[in-house]
Amino acid sequence: MTGRLAGRVALVTGGASGIGRAVAERLVADGAVVAIGDIQDSSAVAGGHCRGFHADLSQPGAATTLVGEVVQAFGQLDILINNAGIATPTPFSADFDEAGYQHLLQINLTASVACAAAAIAAFLAVDPPRGVIVNISSVHEIVPKPGYLAYAISKGGMGALTRTLALEYADRGIRVNGVGPGATLTAMNQRWAEDPDQRAVVERHIPMGRAADPAEIAGAVAFLASDEASYITGQTLHVCGGLSLYADFQKNWST
Ligand SMILES: NC(=O)c1ccc[n+]([C@@H]2O[C@H](COP(=O)([O-])OP(=O)(O)OC[C@H]3O[C@@H](n4cnc5c(N)ncnc54)[C@H](O)[C@@H]3O)[C@@H](O)[C@H]2O)c1
């Protein structure tokens, strides 16, 4: 296999659909062998240089088991893409749904921490150590999201995970970065993406005037996973059509 990721083994969590699927396909196109860990069947993506592993990351311990299975199957792990996530609303009120909050945090953040811990152990087991983690965050790492407190906290946490591990392992050949997508056309956004009126409302708020194709997110992920990003660590690259740039200031209204 040729390509800038030839010889690398990558694990993409949540790679059965949406952004994760586009990332898995892009990493394979760049020469990597890819494992997908997902609660959904990933056989439509798997085949050739891609293999699916069943994992329910809402279950404590599942992330560690998943990384162990991938290392066992391929004998190495070079790249971890922490992508699996859900975006259910968690309205903030007196009857705050603590169980729903914990469930979202477990999938979006805690499983990412556990995958990172197991992946870093595999990265350090080779001599010299080397490895790359890309955390799929969101513009909501930095932009608040009322009505979705757990989601916003999970993505803020992804930013902290990225920067903290990047600093901790910078001198041991391990890079940790994030990608923060804006509105992207995946199952997560089916409700508005398939309704032309609602989609127009969403796209009016995006400075570039359109939602992203998952492949546009995957391109940034593959770059950060490759040696072309060899001197980049601890950064979240927002791939969002300008959504993180205070879109309401696009036309001046303040003076
Ligand atoms: N679509 C967007 O607009 C957008 C924007 C910013 C960030 N993101 C982030 O991108 C990531 C991917 O989302 P997407 O838009 O591709 O959504 P998606 O629903 O298409 O994909 C999410 C994937 O995660 C998997 N998953 C969900 N729960 C799981 C569990 N318990 N165990 C294992 N896998 C599980 C799903 O099966 C699915 O394959 C998420 O972290 C999401 O927060 C998406």
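**Ligand shell**

I sorted the residues of the shell around the ligand by class and got 14 nonpolar, twelve polar and two charged. The model I am reading is a predicted one. I then looked up how many residues surround the ligand, and there are 28. G14, G18, L57, G85 and T186 are the closest of them. Next I asked which element gives the largest share of this shell. Helix α1, residues 18–29, does so with three residues.

**Helices α2 and α3**

I turned to a pair of helices. Two packed helices are described by the angle between their axes and the distance between the axes. For α2 (residues 62–74) and α3 (residues 98–124), I found that the axes come within 8 Å and cross at roughly 35°. I noted the crossing of α2 and α3 as right-handed. On the α2 side, I listed A63, T64, V67, G68 and V71 as making the contact. On the α3 side, I listed A111, A114, C115, A118, A119 and A122. By class, I recorded nine nonpolar residues, two polar and no charged ones in this contact of α2 with α3.

**Nonpolar core**

In soluble globular proteins, nonpolar side chains tend to be buried together. I looked up the largest nonpolar core here and found 71 residues in it. Which of its members touch the most others? They are V34, A119 and V221. Helix α3 supplies the largest share of this core, twelve residues. A119 of α3 also belongs to the contact with α2.

I followed V34 further. Leaving out residues up to four places away in sequence, I found that V34 touches A10, V12, A24, L27, V28, H49 and C50.

Key:
Residues are numbered from 1 along each chain as its sequence is written. This is a predicted model: local features need pLDDT of at least 70, side-chain atom pairs count only at pLDDT 80 or more; totals for chains, interfaces and linings use all residues. Axes are lines fitted to C-alpha atoms, for helices over the stretch in contact, and angles run from 0 to 180 degrees between N-to-C directions. Helices (H or I, at least four residues) and strands (E, at least two) are DSSP runs, numbered from the N terminus. A crossing is left-handed if the near helix is turned anticlockwise from the far one by less than a right angle, and right-handed if clockwise. Two residues are in contact if their C-beta atoms, placed from the backbone, lie within 7 Å. Ala, Val, Leu, Ile, Met, Phe, Trp, Tyr, Cys and Pro count as nonpolar, Asp, Glu, Lys and Arg as charged, and the others, Gly among them, as polar. A residue is near a molecule or strand if its C-beta atom, placed from the backbone, lies within 6 Å of it. A nonpolar core is a set of buried Ala, Val, Leu, Ile, Met, Phe, Trp, Tyr and Cys residues joined through C-beta atoms within 7 Å. A residue is buried if 20 or more other C-beta atoms lie within 10 Å of its own, exposed if 12 or fewer, and partly exposed in between; C-beta atoms are placed from the backbone.
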